[in-house]
Amino acid sequence: MFQWGIMATGKIAHQFADTLRVVDGAVLGAVGSRSRQGAEAFAAEYAGKYPGLRAYGSYEELVKDPQIDAVYVCTPNAMHPASIRLCLEAGRHVLCEKPFAPTAAEAEALFDLAERRGLFLMEGMWIAQLPLIQKMRRLLAGGALGQVRHLRAEYGFIGSGVRLERKLSRELAGGALMDVGCYTLAFARLAFGDEPQNIQSLARLGESGTDIYSASILDFGGGRTALLTSTIGAVIPVEGYICGDKGSLYLPNFQAAQKLIYRPQGGSEQVFEEPFCSSGFEYEIKDAMASIEAGRRQSSFWGREDTLAIARQIDALHDMWGQ
């Protein structure tokens, strides 16, 4: 049985723990928090689902657990580098929640460390493993749209209260781009397969100095462009469009893709559907486990170069906005 440890006990940690139940061969073995009270409360909640679940009152204790095969890191954004390093130095494989690190330099240093230690390391950009995103990529590679010309992706919601403060905190590496805009950047990379040659962008910064809203145009060369929008100040459908000279693809929710519509020029619309077994996290979990068990150090769906490419684009946008 493959044992996972979870580092931190927030909302996303609960989602991961719930999803593990549908993954064959996986079990939640331990949870670590910055307080023993927090870890024990989490363990008590899941004791019925995971008998023998161990609770640790520090991250250092968690990574020393010899029964843990891999750690899912879901600490706040700014803590990711230190959290990942702690795991790697303890000899633990790591799946880290997106965004992987505040800067590309930090991300590259962590992958270098994982390589030296012979350990698996992956950013949890979970859309990359979704079956319909893979279907989308196969259609594009097979020429279903002909010459791809344009992509549009947008993601927005309204934050409030403590949650909004946390998501916009400069100290926690917050901002709409880090929270939801990274998905739009990843969607463009999954579709085009390379990095943009030029980026133009406008952003509105909040009182904390991080972005509340941004709209960016990315030039991928060869006549390929992407228009990406992200915000924590308005409700925007999480839609994705890819257009070519022979047709288009539409995903009503590209971030949690369970429906894909293919509209060939002059042909009949085709609808593909793939409901999740759980939250959708199951696909990245299975990928991580299969990679680790095969002795690979990165995912074939979303690897080192994918994470670094997005990190470089985020760096460029932050510099552009003076953030």
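**Figure 1. The largest pocket and its lining.** To find pockets, a 1 Å grid is laid over the protein atoms alone: a cavity is a set of points where a 1.4 Å probe fits but cannot get out, while a pocket is an open set with protein on both sides within 12 Å along at least five of seven lines, and lining residues have an atom within 4 Å of a point. Grid points are joined across faces, edges and corners, and the volume is the space filled by probe spheres set on those points. By that recipe, the largest pocket comes out at about 890 Å³. It is lined by 32 residues, and the ones closest to its centre are Lys11, Ile12, Arg166, Lys167 and Asp179. Helix H1 (11-20), strand E7 (148-158), helix H7 (161-168) and helix H8 (176-192) each chip in at least two lining residues. Those labels come from DSSP runs, numbered from the N terminus: helices are H or I runs of at least four residues, and strands are E runs of at least two.

A quick word on what you're looking at: this is a predicted model, where local features need pLDDT of at least 70 and side-chain atom pairs count only at pLDDT 80 or more, while totals for chains, interfaces and linings use all residues. Residues are numbered from 1 along each chain as its sequence is written, and side-chain values use heavy atoms, with hydrogens and water left out.

**Figure 2. Lys98, a buried charge without a partner.** Lys98 sits in the loop between E5 and H5. Lys98 is buried but makes no salt bridge, and the nearest side chain of opposite charge, Asp179, is 4.1 Å away. Here, buried means under 20% relative accessible area, exposed means over 50%, and partly exposed is in between (1.4 Å probe, protein chains only). A salt bridge needs a side-chain nitrogen of Lys or Arg within 4 Å of a carboxyl oxygen of Asp or Glu. As for charge, Lys and Arg count as positive and Asp and Glu as negative, with His and the chain ends not counted. Look at the backbone of Asp179 too: its oxygen lies 2.4 Å from a polar atom of the Lys98 side chain. Skipping residues up to four places away in sequence, Lys98 touches several others, including Asn77, His80, Glu123 and Tyr183. Touching, or contact, means heavy atoms within 4.5 Å.

**Figure 3. Asp211, another buried charge.** Asp211 belongs to strand E9 (residues 211-221). Asp211 is buried and has no salt bridge, with Arg170, the nearest side chain of opposite charge, 8.8 Å away. What lies 2.7 Å from a polar atom of the Asp211 side chain? That's the backbone nitrogen of Leu177. Among the residues that Asp211 touches, not counting those up to four places away in sequence, are Leu168, Gly175, His318 and Trp321.

**Figure 4. Salt bridges around the structure.** A search of the whole structure turns up 13 salt bridges. In one of them, Lys49 pairs with Asp18, with the closest N and O atoms 3.2 Å apart. That pair links distant parts of the chain, 31 residues apart: Lys49 is in the loop between helix H2 (36-46) and strand E3 (54-56), and Asp18 is in helix H1. Lys49 is partly exposed at 38% relative accessible area, and Asp18 is partly exposed at 33%. Another salt bridge joins the side chains of Asp65 and Arg54 (2.6 Å, N to O). Asp65 is in the loop between helix H3 (59-63) and strand E4 (70-73) and Arg54 is in strand E3, so this pair ties together parts eleven residues apart in sequence. Both Asp65 and Arg54 are buried. Glu108, Asp112, Arg304 and Glu305 join up in a network of salt bridges.

**Figure 5. Tyr250 and its neighbours.** Tyr250 is in strand E13 (residues 247-251). Is Tyr250 buried or exposed? With 13% relative accessibility, Tyr250 counts as buried. The side chains of Tyr250 and Glu239 are joined by a polar contact of 2.7 Å. A polar contact is a pair of N or O atoms within 3.5 Å; within protein, one must be able to donate a hydrogen and the other to accept it, and residues adjacent in sequence count only if both atoms are side-chain atoms. Leaving out residues up to four places away in sequence, Tyr250 also touches Tyr241, Lys259 and Arg263, among others.
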